[in-house]
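Work through the exercises below with the structure in view. Try each task before reading its solution.

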Protein chains: 2
Amino acid sequence: MQYSFASRAQALLSSPLRSIRELAKRDSFISLAEELPAEELFPLPSLAEAASSVLNADRRSLQYGEAEGYGPLREWLSRDWSRRKKLNMSPEQILLTTGTQQALDLLIRGYVDPGDSVLVENPTSPGLLQVLRLQGAHIIPVEGDCNGILPDSLETLIEANHPKLLLAAPNFTNPTGVLWSLERRKEVLRLCEAHDVLIVEDDSVGDLYFPQGGISPPQLPSLISLEEKQGDHVLYVGSFSKTVAPALRTGWAVGNRQIIEMMTAIKQMADWQSSLLNQRLLHHLLDSKHFNYDEHILMLNREYGTRLKLMVELLKRNAWKDAAYKVPSGGMFLWVTLPAGLNGDALLRGSLLKGVGFLPGSMCSPGDEANESIRLNFTHPGRDELLLGMNLISEAVMEFTARS
Amino acid sequence: MQYSFASRAQALLSSPLRSIRELAKRDSFISLAEELPAEELFPLPSLAEAASSVLNADRRSLQYGEAEGYGPLREWLSRDWSRRKKLNMSPEQILLTTGTQQALDLLIRGYVDPGDSVLVENPTSPGLLQVLRLQGAHIIPVEGDCNGILPDSLETLIEANHPKLLLAAPNFTNPTGVLWSLERRKEVLRLCEAHDVLIVEDDSVGDLYFPQGGISPPQLPSLISLEEKQGDHVLYVGSFSKTVAPALRTGWAVGNRQIIEMMTAIKQMADWQSSLLNQRLLHHLLDSKHFNYDEHILMLNREYGTRLKLMVELLKRNAWKDAAYKVPSGGMFLWVTLPAGLNGDALLRGSLLKGVGFLPGSMCSPGDEANESIRLNFTHPGRDELLLGMNLISEAVMEFTARS
């Protein structure tokens, strides 16, 4: 039969990310496109122990759970944030989701009507742009610099468009890796409070702060922790995908009770709840005396910091001499602006033929401002893969620059 | 701040099911409202063995997976359906979801624009009505009898409304437990094929066929298996929640590749993918020589059949003498039409005070046709709970009928 899809669903089908993913299934293919953590760093023995304990302790770990998620894990998060992040939110203000992506999708489904204005960083993550497009939002990019989005631009856009939301990731913005300065955080928060714009603060990679000269830097406060009434103007989202393991599919949204209740109702309608079994495994792991979450994160940061250094060394080669980038102090990505005249999509086509992929900047912006940039992931590829992958991309760059 | 939710999201917040669930968290509360399987029947030792094997075998079981779901589990499903259900669909035509509910939500998000007409059985499941309302669908109920929906009504409604979809559960419709006759299945399929209406066939409880006089009845063919070109006009959805365990949150949609690809794109946007770990656990279990899925389902059906018999015995008491019901031959629910003048919502309020809940019919219909009926679940409560719960509801019925 002739199918008649919903009007906005069509756009999703043509995503170029899907074809990179198709290629990435080949064994020999190297992908620097994804947002994957390193599987060799997963706490596997501790999780195997947790699985055995949880499954043997209580049959109800296999039953349906509550839509808002496993209570003891929400309590653990509430305590952990108060200990580590000066964030004081009660378990009733937390909804557990299937990763950060679902937290964003639920909020946008419940908060944005088609045509509503929504502010995003520019560039921003492709996954976020997709959710906004399917919901029919009017997407407005806000300019930024190496300290975060620009308050003047933000104010002008707020006054002109009366947006409902600002979506931002002050800790290592995806894709640029920018870490917002403290001053910028305060200014953006003040402006959004003054104009009643709800901020969705994506802190998915906020714990990936790399040591500098062997010392871990102090973390900058999140926007939500800077609020006088925490959670009033900021919804804070994140997940355990980068710090424990993605297959547990456990993320969260935390904020004002009204918003959390609305998101919980939509969550229940969308899939009843995320896996209670996975939430209990995670809680058992985090609560165990045999696993130290802080030390685990430190270990990840040492290793990811080393991989980033290797990538930066490889970018010193001749092929990249006219490229521009700023080395991030954390996160998962290096954002590279290509030599003038070289387009990210064209470079991707050349690189795919060589068996390597990355994310082209064109996918990260509603306009064409990011077309000459690319996003490179340094957390997933091991050192050999990283070396080979970067060599192949360098070759592709050389071929293009030699031709022009 | 003053929050400004999306216009259609407001309706979800007022669901009375949420207050029943709130009460059901009390330890002494007995709920016959839910759609829960019996946790004492979960294959716990086999799943514990699967967890240990999967976690020790391969670190990638904790990594992100593919949006469409774990390949070997899709292959297993394809083989199982061809063996048990005369359904021949390739693994590429299968998308794994977070339960049946997500399969319905993804399809409706991708196929239905606000204002599009959609046909549903009357009564139908509350979860389905919520998804359709959030999407802004024009919901049109089709009348049925004890053999399924009525072809004449269906044809009239199709001609008058040109609906995009028919959502139906021919095997033990939720909430009525009706099993469509073979003839009715063929007629409905023929009409939808003739008018290019896509059928979404929900077979969530289709394996729960109870033995009659000790013998398992032959299963009636699903709509999709009756199609000449299987999957052309029917999308088939279901899950392992009732036959293995809900916390694995694993369901599926299977149908035409175009539809599956669209749903996969939306799935990726909504939550990237469901838990690869859970899908691998399930695959390991189903593929294991130590677990026999067919025998496990037979065991569930013997036990659930016994629980249903007990409930039917309890309905023979005086309180229910003017109630009407038809004993289903499978599924999870008994649908009872109350004595004339007694309203399901009012009876629920009286019952909640006594510490017992059920689903009032008002939640199962877009109109008020089901207001004098209630849905009772017999799979989750153990025999003692079932006895006590039914006693308490009977008391509430007696109090109402004595007053009138």
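**Exercise 1.** Find how many residue pairs are in polar contact between chain A and chain B, and which helices supply the side of chain A that touches chain B.

*Solution.*
Step 1. In this predicted model, 40 residue pairs are in polar contact between chain A and chain B, both residues at pLDDT 80 or more.
Step 2. Turn to the helices. Those of chain A that each supply at least two residues to this side include H1 (10-13), H2 (16-24), H3 (44-57) and H5 (99-111). Helices H6 (126-135), H10 (257-271) and H11 (276-287) are also among them.
Step 3. H10(A) gives the most, with 11 residues.
Step 4. Sort the residues on this side of chain A: 38 are nonpolar, 23 polar and 20 charged.

**Exercise 2.** Describe the extent of the interface of chain A and chain B, and its salt bridges.

*Solution.*
Step 1. Take the contacts. 81 residues of chain A are in contact with 81 residues of chain B.
Step 2. Take the area. The two chains bury about 7,500 Å² between them. Carbon and sulfur atoms hold 58% of that.
Step 3. Look for salt bridges. The rule finds 2 across this interface. Asp105(B) and Arg109(A) meet in a salt bridge through their side chains, at 2.8 Å from N to O.

**Exercise 3.** Work out how chain A and chain B are related.

*Solution.*
Step 1. Superpose chain A on chain B: a rotation of 180 degrees does it, with 0.0 Å of shift along the axis and an RMSD of 0.0 Å.
Step 2. The two copies are therefore related as by a two-fold rotation axis.
Step 3. Compare the contact residues. 100% of those of chain A recur in chain B, so the same surface serves both copies.

**Exercise 4.** Split chain A into its domains and describe where they meet.

*Solution.*
Step 1. Domain 1 of chain A covers 7-42 + 294-403, and domain 2 covers 44-287. Their centres, taken over C-alpha atoms, are 24 Å apart.
Step 2. 34 residues of domain 1 of chain A are in contact with 38 residues of domain 2 of chain A.
Step 3. These domains bury about 3,000 Å² between them, 63% of it on carbon and sulfur atoms. In domain 1 of chain A, Arg8(A), Phe42(A) and Ser329(A) lose the most area to domain 2, together 20% of what that side buries.
Step 4. Count 1 salt bridge between the two domains of chain A. The side chains of Arg83(A) and Asp294(A) form a salt bridge at 2.9 Å, N to O.

Definitions and conventions:
Residues numbered from 1 in each chain as written. Chains lettered and ligands numbered in written order. Predicted model: local features only at pLDDT ≥ 70, side-chain atom pairs only at ≥ 80, totals over all residues. Heavy atoms only, no water. Least-squares fit on C-alpha atoms with pLDDT ≥ 70 in both. Contact = heavy atoms within 4.5 Å. Domains from an automatic or database assignment. Buried area = accessible area lost by both parts, 1.4 Å probe. Salt bridge = Lys/Arg side-chain N within 4 Å of Asp/Glu carboxyl O. Polar contact = N/O pair within 3.5 Å; in protein donor to acceptor, adjacent residues only side chain to side chain. Helix = DSSP H or I, 4+ residues; strand = E, 2+ residues; numbered from the N terminus. Nonpolar A, V, L, I, M, F, W, Y, C, P; charged D, E, K, R; others polar.
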